[in-house]
Amino acid sequence: MDLACGREGCFQTLAEGRQGGRMTSALGAESEAERIHNLIQLTRDWGVWDAVSLYLDRCQVDTPMNLVEATWRHVQELRASVGKVVDFGAGDGRFSLYGCYREYVGYEIDRDRCNNANLPTNAVLLNYCAFSDTIENADICIGNPPFVRNQDLPDGWRQHASNVLLKRTDVIVSGLANAWQYFFLLALASLKDDGLCALVIPYEWVSRPSVKALRNYISTQRWNVSVYRLVDNTFNSVLTTSSITIVDKAARDGVWTYFEETGSGDYTQLPSPSGGPDGVITYLRRSEMGKSEPRAIRGLSPGTQKVLTLSEGERARFGLKMGRDVVPCITTLRHLPADVKELNEASFQTYYRDIGRKCWLIRTDTKCSKTLDAYLDSVPPADYHTRTCLERAQWWRFNMPPKPELLVAMSFRGRFPKIVTNTIGARAVGSVYGIYNVTVAQTERLTAYFNDIDIRDRVVAHSNGLRKIEVNQLNTLLIEAFADDFPTT
Ligand SMILES: C[S@@+](CC[C@H](N)C(=O)[O-])C[C@H]1O[C@@H](n2cnc3c(N)ncnc32)[C@H](O)[C@@H]1O
């Protein structure tokens, strides 16, 4: 095999490409108008330009060179000689600059990203959508796919990518999947039977429910997986902890190993994805719980907190009456001192009303008073320009949530998320979970139980040590807390 090392190979001089088509060369400077024209051609079926351009903006992240090099090191530990390398979402083709391989093909939708590419002679960038070709003969799929949230994926893009992946892998990608998940599956589908996938993707893929189908796909094939969790702040702009993830199709022992990068750049092996001996808290589905059992439910997503929840000042300014027009709610517990264990009149006043926090939710379960009507009429349409509001017959009419007995924060840094007894009967909104179906005695037991446990090792940390417990994990903990009362679940 004629192998050339990316670093040492001589760089291709790139001259011209076909409009909206296959481009085996980089480009000289072009105007923004030309760039957009080209992008519009290539993304015609993705959806409206606003959505496409938002997606492309979110993609603009360059992988630090030391991370590109580290990714290649993992590859070359497992493959001494490499034939074809494919990079979906290649940017300036920087993954072609390391490693020894025969051929590198990078797919990049945005011509602007390849403008200054200095590629080795055996590397090529194609100005195509990654999902437009069917590749099945890659030895290595490498790269850093876009980290774009599911909400920011253009509808047409999502539909096309899902169809391609369903056809090629039989996997139905979750509607909650972020862009990198589609690229991950595409990479796996594009490899030979003994190929190797090496991607920079969020570490959370090892445990998030929205990635379950992909994990199951890999497990069923029994491919070996190694996940190297990187120290925080590798990507300053992206709020997630990243990993170098290796899937080796040639090693079919079904072994998954987890490592954490140390300050010195080495790795230590972790006993489980979360780092603790007990592993990640499992996710309990709603259908697995009895109707009368204690349960945690997500905070209300009213469509827009900006206008459907109000601070004390806003409520007073619009003349909205407590009880008649608005009811207490909380959208965060973050600022609450650790020793406040109860949300009662006094703590609600001090930590919400007096300091201008959002603390009132408009009532949608009774006929609106004239004052509330006038307030809703006064809201400029731009303030409720969200998918949820626009899909409603009346943009503001959400289903009024019940009052939970306990309020729990979704994110936490300490041993357990903040939890308070909800004496005032505030509604849980946004990133505050509510716990329902508990008696006063159970509430006390639960608070004591949660104040006593440490779940840091059982939840995968996000950026800067912040952890986020999923509602279905909280339900698992409820079952654990009441194991004696509900032994069958
Ligand atoms: C996170 S960046 C990584 C760029 C480069 N590989 C790097 O590591 O620095 C992801 C790239 O994917 C490109 N991209 C996004 N969607 C694409 C698609 N459907 N087809 C091809 N490229 C795409 C973006 O334009 C962006 O350059």
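Two strands count as a pair here if DSSP finds at least two bridges between them. With that in hand, the strands of this predicted model can be sorted into partners. Strand 10 (residues 224–229) and strand 11 clear that bar, since they are joined in the antiparallel sense by 6 bridges. Within that pairing, V225 sits opposite V247 of strand 11. Strand 11 also has strand 9 (residues 191–202) as an antiparallel partner, this time over 7 bridges. There, P202 is the residue facing S242 in strand 11.

So how much of strand 11 is covered? For strand 11 (residues 242–248), 7 of its 7 residues are buried. In a regular strand, side chains take turns pointing to one face of the sheet and then the other. In strand 11, S242, I244, I246 and D248 lie on one side, S243, T245 and V247 lie on the other, and all of them are buried.

Two of those strand 11 residues turn up again in the surroundings of C197. Neighbours within four places in sequence aside, C197 is in contact with C141, A187, L188, L191, I246 and V247. C197 also belongs to the largest nonpolar core, a set of 126 residues in which I140, A187, C197 and L407 touch the most other members. Helix 6 (residues 179–190) supplies the largest share of this core, with 9 residues. The core also takes in at least three residues from each of domain 1 (4–270) and domain 2 (286–481). In soluble globular proteins, nonpolar side chains tend to be buried together.

Those two domains are the parts into which the protein chain is divided: domain 1 covers 4–270 and domain 2 covers 286–481. Taken over C-alpha atoms, the centres of domain 1 and domain 2 are 38 Å apart.

Then there is the ligand. Which residues come closest to it? The ligand has 21 residues around it, and C59, T63, G89, G91 and A130 are the closest. By character, the shell around the ligand splits into 11 nonpolar, 5 polar and 5 charged residues.

Another sheet is worth a look, an open one of 4 strands in the order 15-17-16-21, with mixed pairing. At its edges stand strand 15 (309–311) and strand 21 (427–428), each with a single partner strand, so each has one side without a neighbour in the sheet. Strand 16 (residues 326–330) pairs with strand 17 (residues 358–362) in the antiparallel sense, over 3 bridges. Along this pairing, V327 stands opposite L361, and V326 stands opposite I362. Strand 16 is joined to strand 21 as well, but these two run parallel and share 2 bridges. Here C329 has R427 of strand 21 across from it. Why is strand 16 described as largely enclosed by the rest of the structure? The reason is that 4 of its 5 residues are buried.

Helix 14 (residues 471–481) has its own buried set, made up of Q473, L474, N475, T476, L477 and L478. The cover over the buried residues of helix 14 includes strand 14 (295–297), strand 18 and strand 22 (432–436).

Strand 22 also leads to one of two residues with an unusual backbone angle. Most residues other than glycine have a negative phi. N437, in the loop between strand 22 and helix 13 (440–452), has a positive phi of about 60° although it is not a glycine. N437 counts as partly exposed because it has 17 C-beta neighbours inside 10 Å. D170 is not a glycine either, yet its phi is positive at about 70°. The place of D170 is the loop between helix 5 (155–169) and helix 6. Is D170 buried or exposed? With 10 C-beta neighbours inside 10 Å, D170 counts as exposed.

Finally, some residues are far apart in sequence and yet can be compared in space. R392 lies in the loop between helix 12 (387–390) and strand 18 (406–409). R392 and G303 are separated by 89 residues in sequence, while their C-alpha atoms are 9.7 Å apart. R392 counts as exposed because it has 12 C-beta neighbours inside 10 Å. L67, in helix 3 (residues 65–78), is 28 residues from F95 in sequence and 9.7 Å from F95 in space, C-alpha to C-alpha. L67 has 18 C-beta neighbours inside 10 Å and therefore counts as partly exposed.

Technical notes
Residues numbered from 1 in each chain as written. Predicted model: local features only at pLDDT ≥ 70, side-chain atom pairs only at ≥ 80, totals over all residues. Core = buried A, V, L, I, M, F, W, Y, C linked by C-beta atoms within 7 Å. Buried ≥ 20, exposed ≤ 12 C-beta atoms within 10 Å, placed from the backbone. Domains from an automatic or database assignment. Contact = placed C-beta atoms within 7 Å. Near = placed C-beta within 6 Å. Nonpolar A, V, L, I, M, F, W, Y, C, P; charged D, E, K, R; others polar.
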